[in-house]
Amino acid sequence: MSEPSIANALRRPRGVRKAAAPDAAAGSAGDGLPDTGHLETLVGYNARRAALSVIGIFLRRMAPFELRPVDYSVLSVIAHNPGVTSRQICAALDILPPNLVGMVKALQRRRLITRRPHPSDRRAQGLHLTPTGERLYREAQATASALEAEATAALTADEVQTLIALLRKVYRPGTAATGNGDAAV
């Protein structure tokens, strides 16, 4: 059996969830909460908790645009790289090609993107934002910037840049941690 994709690995297990009964012995300070001290020493745990916090805000704010985090990321790559190919998007965002096919079709149905022949590869199609896609992306980008500022309000600007640089070192080891500041949630 093949290794699950990152997206599938991060999903919650399916099934009925029942609220756990409070365990008096589990509370660390008499507050009824279990001890998570060990978990809080783990990079993955802290990264996931931070991501869930930001994604929760993102989902609420992007609902009017009907954009999920991955849709926004794909639109951002297309906006900043007109003519980019599906293969390049898959490589940049770590998306499986079959998953991107459905996203591209959905974005085309919404008339946000269009395909055009690639200038140097006759077999490939370049993806471009339509005027409608450009307008929606500009509004969504402003919303994403505002929600990022809200989500990181407890940090200084230098701390935000340090956090981004450190996280990049985790998911892109051995590469330069530079970027254009665009949020790709």
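**Exercise 1. Is Arg111 buried or exposed?**

Solution. Start with the ground rules: this is a predicted model, where local features need pLDDT of at least 70, side-chain atom pairs count only at pLDDT 80 or more, and totals for chains, interfaces and linings use all residues. Residues are numbered from 1 along each chain as its sequence is written, and side-chain values use heavy atoms, with hydrogens and water left out.

Step 1: get the scale. Buried means under 20% relative accessible area, exposed means over 50%, and partly exposed sits in between (1.4 Å probe, protein chains only).

Step 2: place the residue. Arg111 is in the loop between H5 and strand E1 (113–117). Helices here are DSSP runs of H or I with at least four residues, strands are runs of E with at least two, and both are numbered from the N terminus.

Step 3: read the value. Arg111 has 63% relative accessibility, so it counts as exposed. Its phi is positive, about 60 degrees, although Arg111 is not a glycine.

**Exercise 2. Find another non-glycine residue with a positive phi, and classify it.**

Solution. Step 1: go to the loop between H2 and helix H3 (69–80), where you'll find Glu66. Step 2: check the backbone; Glu66 has a positive phi of about 55 degrees and is not a glycine. Step 3: classify it. Glu66 counts as exposed because its relative accessibility is 58%.

**Exercise 3. Describe the surroundings of Thr130.**

Solution. Step 1: look in the loop between strand E2 (125–129) and H6, which holds Thr130. Step 2: with a relative accessible area of 14%, Thr130 is buried. Step 3: list its partners, where contact means heavy atoms within 4.5 Å. Skipping neighbours within four places in sequence, Thr130 touches Arg111, Leu112, Ile113 and Thr114. So that's Arg111 from Exercise 1 again, in contact with Thr130.

**Exercise 4. Work out how H2 and H6 pack.**

Solution. Two packed helices are described by the angle between their axes and the distance between the axes.

Step 1: the axes of helix H2 (residues 43–62) and helix H6 (residues 131–151) come within 10 Å and cross at roughly 145 degrees. Axes are lines fitted to C-alpha atoms, for helices over the stretch in contact, with angles from 0 to 180 degrees between N-to-C directions.

Step 2: the crossing of H2 and H6 is right-handed, meaning the near helix is turned clockwise from the far one by less than a right angle (anticlockwise would be left-handed).

Step 3: name some of the residues that meet. Among them are Val54, Ile57 and Phe58 in H2, and Ala140, Thr143 and Leu147 in H6. The contact residues split into 8 nonpolar, 1 polar and 3 charged. For this count, Ala, Val, Leu, Ile, Met, Phe, Trp, Tyr, Cys and Pro are nonpolar, Asp, Glu, Lys and Arg are charged, and the others, Gly among them, are polar.

**Exercise 5. Locate Leu167 and link it to a residue far off in sequence.**

Solution. Step 1: Leu167 is in helix H7 (residues 157–171). Step 2: at 36% relative accessibility, Leu167 is partly exposed. Step 3: the C-alpha atoms of Leu167 and Ala47 are 8.3 Å apart, while the two residues are 120 residues apart along the chain.

**Exercise 6. Sum up the whole chain.**

Solution. Step 1: count the elements; the protein chain has 7 helices and 2 strands. Step 2: read their order, which is α-α-α-α-α-β-β-α-α. Step 3: of the 185 residues, 25% count as buried.
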